[in-house]
Number of protein chains: 2
Amino acid sequence: MHAVYIGGVGMTKFGKDARPLVELFKQAAGEALGGATPSDGIDAVYIGVMNCEEFIGESNIASQTIDALGFAGTPALRVETASSAGAAALFTGFQAIASECYRRVLVLAGEKMTHLSTSTTTRVLAEVIDQEERLCGATMPALAAMITEKYRRKYHLSHSRLQNMLCAVAMKNHLNGAQNPLAQFQHGITRDAYLNSKFVATPLRLYDCAPITDGAAAVVLTCDKTDLRITGIGQGTGPLSLRDRETFTSFPATLAAAARAYQMAGVGPKDIDFAEVHDAFTPFEIITTEDLGFFPAGKGGEAVLDGKTALDGVLPINPSGGLKARGHPVGASGLAQVVEACKRLKGDIASKRSPKRGLTQSTGGLATNNFVTILERTDAPPAQKLAAPALPPAATTQRRKLSTSRVSEEGVIETFTTLYVTPDGFLPPLALALVRDRYGSLLMAQGEDDTQLKIGQEVFLRRVDGVCFFTVKSQIQKVQEAFMKLFRRKEAMPSKDNRGGDQS
Amino acid sequence: MHAVYIGGVGMTKFGKDARPLVELFKQAAGEALGGATPSDGIDAVYIGVMNCEEFIGESNIASQTIDALGFAGTPALRVETASSAGAAALFTGFQAIASECYRRVLVLAGEKMTHLSTSTTTRVLAEVIDQEERLCGATMPALAAMITEKYRRKYHLSHSRLQNMLCAVAMKNHLNGAQNPLAQFQHGITRDAYLNSKFVATPLRLYDCAPITDGAAAVVLTCDKTDLRITGIGQGTGPLSLRDRETFTSFPATLAAAARAYQMAGVGPKDIDFAEVHDAFTPFEIITTEDLGFFPAGKGGEAVLDGKTALDGVLPINPSGGLKARGHPVGASGLAQVVEACKRLKGDIASKRSPKRGLTQSTGGLATNNFVTILERTDAPPAQKLAAPALPPAATTQRRKLSTSRVSEEGVIETFTTLYVTPDGFLPPLALALVRDRYGSLLMAQGEDDTQLKIGQEVFLRRVDGVCFFTVKSQIQKVQEAFMKLFRRKEAMPSKDNRGGDQS
């Protein structure tokens, strides 16, 4: 496999940008090419865009872009893996150079989102999740919130302890973003501001979610040696729906991508100097730093509180501000992370230490299609502490069709959220719960009232038009039920009197 | 570069298929894998889909597919280049094996279209063309028709001669399709049926256009030697809009893709035994066989009439029935061609000759993103007649923004069509013309009446809300104009009398 080097990087300022997507690409490409004519020795262009069809009503974006760049003729194609499309485009560009098909390629990634209403954007973004979960009103934040609640319970965190952790991630990333001239938010946030921000889906607040953003990023990959090289790159996928998952507090797609990337680079988590990870939701940064092997499972939140992941910590996470503060033009983010990491490694960004090895991690959908990339300065010292995590065993999930499988009339809440920003057709607050029914199957259900929910609560279930609804069993219902059970057992017991009665 | 072999192929029957897209993928994948479990040694999946976002309202299709196949964990990504997406997915899969990143990959491509109305499908398909041309009401068939009229004029073909050629392509491909159990149309068509089919956009009739289709195809690529190998693969792009083109009767994207594929394979057009080409419109088959170097420019139509491209001709073109008769699930077609070619080369399809080397050509959009793939049996004789066409010079088109450039008030028709199947908001018949204005710029304009049009006609132009309208100059207007010109010249001439008058 031929070595793949970074030939240049570029990026627009993220935020609200009135220009068309192809103009954003033009700017980012121009910077990455460093003034050289685009057609000057670029053999192909790989473009990551998540959903130009619905965000801007355009398809054939590869041809549109190559045309706008003014070098029709050059091969160009679009790559898509939901919100990790930018990382996917980098990976295909990497393979193009590694295969020696091409000597120099331009990787672009971008998205235009801010011109749409939040409800439209939420609907388009929700298309990446499982159809049957969507039918209940589930959105990306809703499912992320359910994962967060599960994480809180698994690691025995109090509500306020979890809140402190999430707040710490948000504050750290905003603080970092304030030093990044290309970030959407260039200001720190206070703890009060965090606590005053509204709930999107409990326990996630507005300040736990990445914003809606326009932006584009560009990376030139080349087979000619430069001072920066991609030494490892890996991809992994995971089950689409929440109800098909065996684990909620760790993402198999990240584990697989990381194992592949570490193995290719011949390094382990301890060799990484800093990382840009996919913090579309603050808890995802915590989970991801655990999945990447930086911290033990359940210890990622503590690491943030201890300042370990701060800009001057032992392992800075999202020094650029992350998706949270830099902004999240969905298709662009996976490549923007690489642009930021390259700038840091090249020393374009002033830092006390001179990092030699950076890692980027991008998440597609609800962690269904993730990427990990390892970037190294060519003068990096050899890896010291090789302890790469092993590739997790392949999931053997068989997708269960809720609509065709049996559903019992009762179940237990596995995790839940109350959604305050609902998709069109659903009124807030909307209670949603992942319920394990009596047959052991998980299913997504919508609450019939706004009862206080908690994990482990028993619920009644009913199905209307393919959508499951749940009601929490009250204390009285539970007593009644216990009594009825006892009564039925008594009735079912064969007694002399009964038998006699039957005979008469 | 590591050699890339075909490990298996599969394909659904094309046509109307009620199953969801992922189910089509499952069937095609199952066949290509020959009964082996999908996760059995497949390192990654590359998926070509053109527009699942708008056709089926789903995004994140790579994760959805990997999930439905039952092997979450395996890397999967979606590749898109409009209607050549299937070929693009094959190309990225090829690079994955060639780079030794992976040893065995599954390439899938598919589309679901028949559940939508023709007008919705037409609108979605039209998104691939230039935005400003779309504003005039232009659709894919409209632009293809304009190219056809230009071809007719360039090669001095009478209307009936052109019609005979197009009819011959349609009849040949339907005849071939009748022998293909997986084709959408399994019947030949008569000359009368062709002539009785309605105009979609003059001179193109319904039988000149590929149908709307559901279907999926699958190809397993492997680094382990098999009896079939991809020896050449190439991609090329071309200007998006018709008005930015220097040539209309040849596609630079095909020329570039073919030059690259021939060069990689070390063969020339004369070494090819048969080809599957992108006949979404019958004239495109003719143009493409010329661009591929099979026939001289302007001679492709004659070759069809002479039977050279028939199943028993010297160079069978579209022996499977082509897009015309096999059907055209847009994202799938580029890969379905490869599946068909592989079956023919492997001898799964009975044929008098035993072809050793086949070529497939796929067209994205209005020939803006094209691919050429060369497949060889490993027992193929060495290439005899190496005469690969050279790579065309890179186009240096700078996209002209109609909305910002000057438009004169007059122009000359460069080519035209009358559109009978119009997009929503436009009433048929709709006259459309590509007009060269007095400044030499080409622009798309909508006819204000349904005058008989021809190339070279002079027209008046006016602009309303960014859309150009044209009216053909009448004979009287031309005489009036000539007179006015003469009169003005006389008036402008300085004469003693005038000067005297001025001074008084």
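Reader: Which residue in E3(B) is the bridge partner of A:Glu80?

Author: That would be B:Arg78. Keep in mind that this is a predicted model. The bridge belongs to a pairing across the two chains: strand E3 (residues 76–80) of chain A runs antiparallel to E3(B), with three bridges.

Reader: How do I read the size of the contact between chain B and chain A, and what is the area buried there?

Author: Interface size is often quoted as the accessible area lost when the parts come together. Here, about 4900 Å² is buried between chain B and chain A, and carbon and sulfur atoms give 44% of that. Chain B puts 65 residues into the contact and chain A puts in 64.

Reader: And how many salt bridges does the rule find across the interface of chain B and chain A?

Author: Four. One of them joins the side chains of A:Glu58 and B:Arg134, at 2.8 Å from N to O. There are also 22 residue pairs in polar contact across the interface, counting pairs with both residues at pLDDT 80 or more. Elements giving two or more residues to chain B's side include strand E3 (76–80), helix H4 (85–98) and helix H10 (252–265). By residue type, that side has 29 nonpolar, 24 polar and twelve charged.

Reader: What turn and shift lay chain B on chain A?

Author: In general, two copies of a chain are related by a rotation about an axis and a shift along it. For this pair, a turn of 180 degrees with a 0.0 Å shift along the axis does it, at an RMSD of 0.1 Å. That's the relation of a two-fold axis. In chain B, the residue closest to the rotation axis is B:Ser99, at 1.7 Å (C-alpha).

Reader: Why do we say the copies meet through the same surface?

Author: Because 98% of chain B's interface residues are also interface residues in chain A.

How values were computed:
Residues numbered from 1 in each chain as written. Chains lettered and ligands numbered in written order. Predicted model: local features only at pLDDT ≥ 70, side-chain atom pairs only at ≥ 80, totals over all residues. Heavy atoms only, no water. Contact = heavy atoms within 4.5 Å. Buried area = accessible area lost by both parts, 1.4 Å probe. Polar contact = N/O pair within 3.5 Å; in protein donor to acceptor, adjacent residues only side chain to side chain. Helix = DSSP H or I, 4+ residues; strand = E, 2+ residues; numbered from the N terminus. Nonpolar A, V, L, I, M, F, W, Y, C, P; charged D, E, K, R; others polar. Pairing = 2+ DSSP bridges. Least-squares fit on C-alpha atoms with pLDDT ≥ 70 in both.
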